[in-house]
Amino acid sequence: MAAAVHEDDEGLHADVDALADDIIAARDAQAGSRAAFRKLYDGYGPMVHAILLARAPATDVDDLVQEVFVVAWRRMGELRDAAAFGSWVASIARHRAVDAHRRRRPTEPLTEQHFRTPTLATADALAILQVIRKLPDAYREPLVMRFVQGMTGPEIAMRTGMTAGSVRVNLHRGVQLLRTRLADGEGSRSDG
Amino acid sequence: MGEDYVWDKTGEAETDLVALERTLSTLRHGRPLGELPGPQGMAAPPKPAWAKPMLLGAGLSAALTLLLIWILLPTTDGAKTHTLPAPARSTTAALQIPVAAPPPTQRPSARPQPAAPTAAQVERLTRALQTAIAQLQAAVVELDAMRPDAERIPAPAPPPRRPAKSKPTHKSGGIDCILDPTRCAVQEKTKVKRPRADIDCILEPAKCAKHDKTRTGEPADGLPDKLRTTDIKTAMIKRKAGAKACGAKHGGLPGEKVVVKLSIEGATGKVTAATATGKHRDTPLGRCIAAEVSRTQFPRFKRKSLGVQYPFRL
């Protein structure tokens, strides 16, 4: 038990250090440092990618990530609290995903699988992603961050600004629900 | 065990989760950041809060000074003749000293110093003031445009104008107020009334509905033909907590949508029938929410009944 607590403490210290680095990078980026902004991109890119992947068509996500960070770079002056960069850029990403969805709606006769020629593995991944997208909002993003981007729970909490408890509960319930849905046959490639 | 693995990748990994992770990792983020826009894309640090008010204050005081000078200066059209009073002991007439020769085209100014501004002067004054204000606004816009991220931060939008048809006196209301305070008082009265109504609308939408009715010319005591969306929303919002409680009781997922179809009787505003639709039809959750909705009291309306579909997000 004590060892577990010790491990948690170490993890906590690592997270605090990473957050402190991010705050410094955000401040430097606000002062115009491109290098600092690139560092933020390296840290928060996966989170933004996950948020977009949970909402927007997979084929558009890479471009949308770039758009989100260009918008963030332009608006760095508006960021009042450097410690809130994660939640701030996440909200930009969510708005961007909604915009992308609106833009596509009238001219979307084909599904995303038609636009790329997926490998077998990618097709499976896209099919599972479709199932994740049908889960409640609260579970989608943490699941994609955890299983697509490979982020850990504490990292998700640190990047998104959510409490560790919320992330843990959402991941746990999300995995349970995802298992049920996958067991019910959703997500098989024949479903589309 | 599996929970720890999901949380921080420690503990024993379950095979299905590992497989899931491996499959989904093909969609992982990997593209480096592209070219960032130049420094012109960066937002400038916000201007100090005092900058704009100070600029406006300076402009206004300049305009007022100009106005005072314009009023106090003697008229320049026509020749001026300053009449010096005759010495006390002198028996001769007052000494006339011509200051400037009258231009040939204009009539010689024999009139004394005008006591009140003429209509033409007032008009000129009005124009001068309007020009000064327009220049000031342009200066403010220009100042904002000097920010490096001009494309991002829009220039301050002009204050929303009411259509000229509805309030023609507003165009030069400020000047009119100065020149004729009685007109100003009338405008103030009308100005005060509308915001009060709007605030009432926000605080109590039921009042708003009444206000809207009178505005559209409908008799205040008459009933509307049917319910408007705002009436429905206002009434249904009170059921939201109950619907959420149903979700918690019957295993509804957070964010899940339950659509309820209901029929409202116009004469009483009561719900005569309510059923959940789609996959929640005839489920405990759907029945619970439908029962909750049945308790809703809507405003009365002329039609016999009205059918509504309302989605609840748990």
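In this predicted model, strands E3 and E5 of chain B run antiparallel to one another and are joined over 9 bridges. One of the matched pairs along this seam is Ile264(B) with Leu306(B), the latter sitting in E5(B). On its other side, E3(B), which covers residues 257–265, pairs with E4(B), again in the antiparallel sense, this time over 5 bridges. Here Ser263(B) faces Ala273(B) of E4(B), and Lys261(B) faces Thr275(B) of that strand. The link from E3(B) to E4(B) is a hairpin with 5 residues in between, and Gly269(B) in the turn takes a positive phi of about 75 degrees.

Put together, these pairings give an open sheet of 3 strands in the order E4-E3-E5, with antiparallel pairing. E4 (271–276) and E5 (305–313) of chain B are the edge strands; each has a single partner strand, so one side of each has no neighbour in the sheet. Between neighbouring strands the turn averages 20 degrees, with direction ignored. As for what holds such an arrangement together, strands of a sheet pair through backbone hydrogen bonds, whether parallel or antiparallel.

A helix lies against this sheet. Helix H10 of chain B, residues 284–294, packs on it and touches E3, E4 and E5 of chain B. Its direction makes about 160 degrees with that of E4(B). The two faces of E3(B) tell a matching story in the side chains: Val258(B), Val260(B), Leu262(B) and Ile264(B) make up a covered face, while Lys257(B), Val259(B), Lys261(B), Ser263(B) and Glu265(B) make up an uncovered one. This every-other-residue pattern fits the general rule that side chains in a regular strand alternate between the two faces of the sheet.

A good place to look at the helix-sheet contact is Ala290(B), a residue of H10 in chain B. Leaving aside residues up to four places away in sequence, Ala290(B) touches Val260(B), Ala274(B), Thr275(B) and Ala276(B). Val260(B) is one of the residues on the covered face of E3(B). Ala274(B) is 16 residues away from Ala290(B) in sequence, yet the two C-alpha atoms are 5.2 Å apart in space. Is Ala290(B) buried or exposed? With a relative accessible area of 5%, Ala290(B) falls under the 20% cut-off and so counts as buried.

Zooming out, chain B holds 10 helices and 5 strands. Of its 314 residues, 28% are buried. Contacts in chain B between residues at least 6 apart in sequence are often long-range, with 65% of them joining residues at least 24 apart. Confidence needs a word of caution here: the average pLDDT of chain B is 68, and 53% of the residues score at least 70. Residues 148–173 of chain B have a pLDDT below 50, and this stretch makes 31 contacts in the model beyond near neighbours in sequence. Another stretch of chain B with pLDDT below 50 is residues 186–197, with 9 such contacts. For the model, ipTM comes out at 0.79 and pTM at 0.46.

Chain A is built from helices: it has 8 of them and 0 strands, giving the pattern α-α-α-α-α-α-α-α along the sequence. Among its 192 residues, 46% count as buried. Of the chain A contacts with a separation of 6 or more, 68% come from residues 24 or more positions apart.

Helix H3 of chain A, residues 58–74, is worth a closer look. Its 17 residues reach 25 Å from the first C-alpha to the last, close to the 24 Å expected at 1.5 Å a residue. Even so, H3(A) bends by about 30 degrees, and the bend falls at Leu64(A). Leu64(A) is also one of the buried residues of this helix. The others are Ala58(A), Val61(A), Val65(A), Gln66(A), Val68(A), Phe69(A), Val70(A), Val71(A), Ala72(A) and Trp73(A). In general, an α-helix has 3.6 residues a turn, so residues three or four places apart point the same way. Within H3(A), Ala58(A), Val61(A), Leu64(A) and Val68(A) are among the buried positions.

Definitions and conventions: Residues are numbered from 1 along each chain as its sequence is written. Chains are lettered from A and ligands numbered from 1 in the order in which they are written. This is a predicted model: local features need pLDDT of at least 70, side-chain atom pairs count only at pLDDT 80 or more; totals for chains, interfaces and linings use all residues. Side-chain values use heavy atoms; hydrogens and water are left out. Two strands pair if DSSP finds at least two bridges between them. Helices (H or I, at least four residues) and strands (E, at least two) are DSSP runs, numbered from the N terminus. Axes are lines fitted to C-alpha atoms, for helices over the stretch in contact, and angles run from 0 to 180 degrees between N-to-C directions. Contact means heavy atoms within 4.5 Å. pLDDT is the predictor's confidence in each residue, from 0 to 100. The expected span of a helix is 1.5 Å times one less than its number of residues. The bend at a residue is the angle between axes fitted to the seven residues ending there and the seven starting there. Buried means under 20% relative accessible area, exposed over 50%, partly exposed in between (1.4 Å probe, protein chains only).
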